[in-house]
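Here are some comments on the model you sent, set out as numbered points. Please read them with the structure open beside you.

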Protein chains: 2
Amino acid sequence: MPTYAPPIDDFLFLLHEVLRVQTRDDIAGFTDLETDLTRPILEGAGDFLTGVWQPLNQVGDEEGCRLENGVVRTPRGFAEAYRAYCEAGWNRLGAAEVHGGAGLPGVISQAVYEMTSSANASLAHYPALTNGACSSLALTGAPWMLQHVVPRMVSGDWCGTMCLTESHCGTDLRLMSTRAVAQADGSYRITGTKIFISGGDHDLTENIIHLVLAKLPDENGRYSDDLATVNLFMVPKVKVDPETGALGVRNGVNVGGLEKKMGLKGSATCVLNFDDAVGYRLGTTKNDAAPGSKSAAMSGMFHMMNHARLGTGVGAIAAAEVAYQNSALYAQERRSGRAVSGADRGEAAADPIIVHPDVRRMLLQQRAFVEGARAAALWVAELLHEEQAGAEPAQRERAAGLGQLLTPVIKAYFSDRGFEAANAAVQIYGGHGYIRENGVEQFVRDARIFQLYEGANGIQALDLVARKLPMAGGRPVLAFLGEVERIADIAAGASTDLAGYAASLRRGGKAIEEAIAWLRRTGPERGETLGAASYDVLNLFGVVLLGALWLRMAVVAERQLAAGEGDPAFLRRKLVLARYWFEREMPTVETLLRRAQSGADGLMALAAEAF
Amino acid sequence: MPTYAPPIDDFLFLLHEVLRVQTRDDIAGFTDLETDLTRPILEGAGDFLTGVWQPLNQVGDEEGCRLENGVVRTPRGFAEAYRAYCEAGWNRLGAAEVHGGAGLPGVISQAVYEMTSSANASLAHYPALTNGACSSLALTGAPWMLQHVVPRMVSGDWCGTMCLTESHCGTDLRLMSTRAVAQADGSYRITGTKIFISGGDHDLTENIIHLVLAKLPDENGRYSDDLATVNLFMVPKVKVDPETGALGVRNGVNVGGLEKKMGLKGSATCVLNFDDAVGYRLGTTKNDAAPGSKSAAMSGMFHMMNHARLGTGVGAIAAAEVAYQNSALYAQERRSGRAVSGADRGEAAADPIIVHPDVRRMLLQQRAFVEGARAAALWVAELLHEEQAGAEPAQRERAAGLGQLLTPVIKAYFSDRGFEAANAAVQIYGGHGYIRENGVEQFVRDARIFQLYEGANGIQALDLVARKLPMAGGRPVLAFLGEVERIADIAAGASTDLAGYAASLRRGGKAIEEAIAWLRRTGPERGETLGAASYDVLNLFGVVLLGALWLRMAVVAERQLAAGEGDPAFLRRKLVLARYWFEREMPTVETLLRRAQSGADGLMALAAEAF
């Protein structure tokens with residue numbers, strides 16, 4: 001059975017030595033984050049998750065969820081493990097204190113989320129989606145919801161979902177069929193069918209709060225393919241009395257089906273039928289919606305979606321981490337062949353396969369991705385907190401821009417590379433990796449969804465090039481390139497190795513500039529050219545982003561080694577991983593740039609029917 | 001349910017317009033291969049496979065194989081479909097006429113094999129492994145086996161297997177435990193446990209012929225970790241009378257277990273216990289074994305293994321082809337968003353997703369791989385036939401060398417890229433791709449095994465750099481580079497586009513030369529440097545190999561278009577696909593070269609315990 005050891009030291013190194021959150025007195029709440037606060041939280045969560053959640057991971061895959069008499073049953077042990085998690089308070093680290101949460105910044109709750117997903121990716125989805133829905137509801141809900149609903153989601157007594165997709169429309173919300181009809185009491189009746197609803201039904205909690213996209217009619221009662229008519233509604237599984245918060249009878253929400261999937265089998269993916277269900281229209285996250293406006297309420301959905309996009313990227317890190325750990329252990333134990341440099345272990349009949357350079361290549365590829373991505377994800381979590389809690393307006397604006405710019409990169413680049421890393425674990429196991437019993441192929445099947453969730457990765461790439469690059473007059477991308485230069489400047493004064501990495505990172509930044517300049521120069525065919533270049537540009541951002549974080553980590557590691565601080569073996573490992581990234585990943589920059597500049601003509605040359 | 005349309009026109013184009021097999025009077029048997037022979041075979045097999053085999057593909061995945069009272073039951077319909085296939089004669093196209101086969105060159109049987117594997121990859125394994133075992137037995141078996149066993153494998157009445165792996169040893173055969181004890185009558189008794197035996201037991205045929213690796217003792221009856229003591233034995237499931245060929249009682253071969261796997265669930269993967277089983281030692285493929293020599297009989301295994309390595313590469317093409325076809329159909333039908341160039345279909349609410357450049361990118365990536373790889377695989381099938389049937393000794397030697405050089409490239413590069421292509425199909429389907437019912441995620445799970453079969457891809461890379469490059473004084477690699485130059489020379493006289501591709505292909509050839517020269521210059525750390533560079537060098541060969549074949553195809557397509565021959569739409573598509581390869585795949589050459597030259601130090605810097 002696979003094992004999992006929470007990477008506590010890596011989290012602490014990133015928080016306290018690289019990001020140095022405890023020194024950031026320009027961000028409210030950060031100076032409280034001393035190691036005597038953070039270490040017990042991370043260790044406590046890690047112990048709980050390895051002890052209670054991780055042993056259920058393979059069981060969840062074997063049993064999957066079942067639909068019995070219209071009710072979803074989660075795998076054996078899931079309900080108890082979920083409740084124990086909530087009772088220990090791990091689910092409410094990031095929620096506001098006013099709602100019963102611990103009010104900790106996202107850098108902490110995100111680290112804990114990564115561990116939940118490494119331990120049991122299917123089970124991790126229920127509280128993660130609840131947190132996203134709850135956070136959105138806290139911003140957009142009416143006062144009675146903040147009083148009666150949000151606290152019960154924070155406590156974990158109730159779960160939440162996000163209901164967007166319909167069978168004929170995923171990304172293109174204009175095509176949606178679900179309809180809302182206003183009632184005299186200010187509520188709505190919702191009718192329609194939603195698919196791919198994670199946690200759409202289950203036996204973990206007595207109620208589920210669905211946040212549902214539906215269309216409002218025009219003054220003649222007609223519905224159209226107009227995005228401006230799409231609004232977000234709160235639709236509980238069991239009705240809630242707005243006055244008292246008391247649970248009433250079942251609402252008109254029924255499970256129409258339970259999907260059989262490639263993986264993530266312990267996470268219930270439901271078809272939900274809304275049949276004249278009572279719903280409540282939500283406001284906007286800015287509290288500036290004109291009450292009568294038809295387009296008032298998409299921002300709550302985008303808030304939730306952005307939360308989920310980052311969570312998806314972190315989920316990919318989590319899958320890659322646990323897959324890496326198991327393949328590293330296997331490579332240390334499995335014996336085959338001899339080291340080419342001469343027998344490593346003369347007394348045994350063969351050497352462990354970790355002596356082989358190509359096995360090392362796969363292990364380093366996994367680990368350099370995982371640690372670089374984790375650093376980048378925590379940096380973005382810092383930025384998102386800074387957006388809310390930064391001291392200065394300009395600081396908050398910069399943080400917000402960087403966070404929005406990097407969200408599609410984290411979602412798409414991380415899920416692609418995380419899948420690749422999980423897959424490398426199977427490769428290291430050889431034929432044994434293909435056998436279900438050994439548990440590593442589950443990581444591949446589970447991780448595969450992250451490339452599809454919350455807008456398939458191609459959509460993320462389009463979001464990056466078509467919306468995020470030109471956003472706010474290009475200031476966010478300039479802020480990113482400025483950060484690349486700043487990190488390179490610091491490293492240029494370090495060792496020869498790091499100065500070389502700094503030059504390589506600068507070149508990466510220049511390649512991004514060249515790609516953007518090239519896209520700006522394109523003419524009337526601009527739309528297709530953007531689309532044709534989008535994936536390569538996104539990958540360019542990804543490799544440079546991780547390069548920037550690896551250089552930050554390498555600078556700290558080198559400085560600490562020189563000062564005799566920290567654990568030398570731990571710090572030297574960071575330098576080896578940074579070297580891997582600059583030696584073997586950064587060279588892809590030129591290929592990506594050249595591809596991005598190859599234009600759309602070749603891709604669009606065939607008639608659609610010729611495929 | 002997924003569909004499959006056999007790519008008959010593509011096969012015929014490759015055979016008759018690109019390879020021009022019918023004109024090759026320097027290879028015995030090739031001038032018979034006119035289209036009036038090849039087309040009916042390919043079409044007949046295609047019709048049979050789409051009608052009978054393909055409808056069982058998803059059933060096989062859902063049901064899998066079952067072990068009942070020590071006997072493996074294949075999924076519903078498999079036994080009937082296997083027998084119908086044999087009765088129609090599709091399994092014996094490539095076997096020698098003297099054994100009851102049709103005696104057709106491998107270019108034909110390989111094309112049919114690809115179609116079997118697209119239609120039903122699990123079912124395709126049973127006859128494919130039988131063919132490999134049968135071909136090896138035909139070369140290494142005693143006369144009674146040629147008389148009584150081989151013809152029944154050719155007819156498909158009996159199946160065959162390859163029994164190499166043990167639980168503690170895959171690639172490293174020195175560690176094997178299975179033992180053989182000589183008997184007075186010249187036979188042996190075999191005892192040991194083999195794992196991962198594809199088709200190790202099943203209900204398709206009344207007998208199964210296992211080819212089993214086992215060790216012979218020294219004169220004192222002791223067994224050692226000496227590769228020279230490993231021999232190949234024929235061990236039937238049901239005993240066969242050497243005199244009459246009559247079936248006798250069950251041999252000491254029992255099913256110890258049936259693996260639950262990630263995919264390929266209709267292919268029975270067995271643990272086989274050999275318990276004092278009667279076996280017969282096989283000779284060598286060269287018929288030059290000294291009868292008393294302990295190291296006589298590994299060559300039969302290598303013959304079978306090389307057959308299986310090529311088959312694995314072709315299996316990866318097959319998976320990519322059927323995955324591509326379904327994702328292309330989906331992209332033509334699924335509507336979401338609008339073409340950036342303006343609405344493509346004004347009357348509908350949204351455009352089909354094939355209007356989006358990034359969806360095109362994925363489709364072209366799949367198809368450019370599939371068609372380029374198919375061309376390369378058929379070229380190698382031609383070479384392997386030329387090795388046997390070429391008119392001149394020098395011609396045969398060149399063909400043999402090229403075939404051996406390219407075998408690991410076809411196995412590893414094709415299985416990596418085939419998996420990627422199958423995975424791209426899931427991406428094009430979006431969330432619907434993750435749902436089992438839609439059938440595309442099965443292609444990913446099924447295709448994953450090809451990267452592991454017959455020596456994991458890292459082993460193939462080591463085979464390429466450590467054995468195949470220096471082989472025969474480097475003549476095979478020079479022959480390959482000469483072929484690259486020859487193709488570039490022909491194209492240089494064509495259009496500007498093709499002249500550009502020719503320059504890019506030449507640069508690819510030079511990059512291979514530079515990588516090899518760099519490896520030659522490395523000093524005492526040579527072993528680890530080879531290992532560290534191996535994977536990138538293999539990928540370099542892969543991308544250049546497909547570039548060479550794309551240029552061959554483009555030259556033919558351009559020439560035919562100019563001459564007004566052939567189907568213009570079909571030929572223009574080849575030019576678009578060639579453009580894709582040169583525009584978006586060949587640029588990876590520089591990255592691969594740079595990585596190959598980055599050496600082993602970075603990979604080997606960490607202590608094994610530090611992972």
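**Notes on the predicted model**

1. Just after α4(A), A:Gly89 takes a positive phi of about 85°. Since the model is a predicted one, this backbone angle, like every other value below, is computed from the predicted coordinates.

2. The helix that precedes this glycine, α4 of chain A, spans residues 78–87, and its buried residues are A:Phe78, A:Ala79, A:Ala81, A:Tyr82, A:Tyr85 and A:Cys86. Viewed down the axis of α4(A), these buried residues fall within an arc of 165°, and therefore they line one face of the helix. A:Glu80 and A:Glu87, by contrast, are exposed on the other side of α4(A). As for what the buried residues meet, they pack against the helices α2 (35–53), α3 (57–63), α5 (106–119) and α6 (121–140), and also against β3 (158–163), of chain A.

3. Which parts of chain A does the salt bridge between A:Glu166 and A:Lys194 connect? The two side chains meet at 3.0 Å, N to O. A:Glu166 lies in the loop between β3 and β4 (179–182) and A:Lys194 in strand β5 (residues 188–198), so the pair ties together parts of chain A that are 28 residues apart in sequence. Both partners are buried, A:Glu166 with a relative accessible area of 2% and A:Lys194 at 0%.

4. In chain B, the side chains of B:Arg374 and B:Glu114 meet in a salt bridge of 2.7 Å, N to O. Because B:Arg374 belongs to helix α10 (residues 357–389) and B:Glu114 to helix α5 (residues 106–119), this pair ties together parts that are 260 residues apart in sequence. Here too both residues count as buried, with relative accessible areas of 1% for B:Arg374 and 2% for B:Glu114.

5. A salt bridge within one helix is found between B:Arg486 and B:Glu483, which both lie in α14 (residues 475–492) of chain B, 3 residues apart, or about one turn of the helix. Their closest N and O atoms are 2.8 Å apart. B:Arg486 is partly exposed at 37% relative accessibility, whereas B:Glu483 is buried at 7%.

6. Is B:Gln442, in helix α12 (residues 440–447) of chain B, buried or exposed? Its relative accessibility is 3%, so B:Gln442 counts as buried. A polar atom of its side chain lies 3.3 Å from the backbone oxygen of B:Asn57, and, leaving aside neighbours within four places in sequence, B:Gln442 is in contact with B:Asn57, B:Gln58 and B:Asp61.

7. Turning to the interface, 94 residues of chain B are in contact with 94 residues of chain A. The area buried between the two chains is about 8,100 Å², with carbon and sulfur atoms giving 57% of it. On the chain B side, B:Tyr434, B:Arg584 and B:Phe611 lose the most area to chain A, together 11% of what that side buries.

8. Across this interface the rule finds 4 salt bridges, and 43 residue pairs are in polar contact, both residues being at pLDDT 80 or more. By class, the side of chain B that touches chain A has 37 nonpolar, 25 polar and 32 charged residues. The side chains of B:Glu62 and A:Lys260, for example, meet in a salt bridge at 3.2 Å, N to O.

Key: Residues numbered from 1 in each chain as written. Chains lettered and ligands numbered in written order. Predicted model: local features only at pLDDT ≥ 70, side-chain atom pairs only at ≥ 80, totals over all residues. Heavy atoms only, no water. Buried < 20%, exposed > 50% of the residue type's maximum accessible area, 1.4 Å probe, protein only. Helix = DSSP H or I, 4+ residues; strand = E, 2+ residues; numbered from the N terminus. Arc of directions from axis to C-beta. Contact = heavy atoms within 4.5 Å. Buried area = accessible area lost by both parts, 1.4 Å probe. Polar contact = N/O pair within 3.5 Å; in protein donor to acceptor, adjacent residues only side chain to side chain. Nonpolar A, V, L, I, M, F, W, Y, C, P; charged D, E, K, R; others polar.
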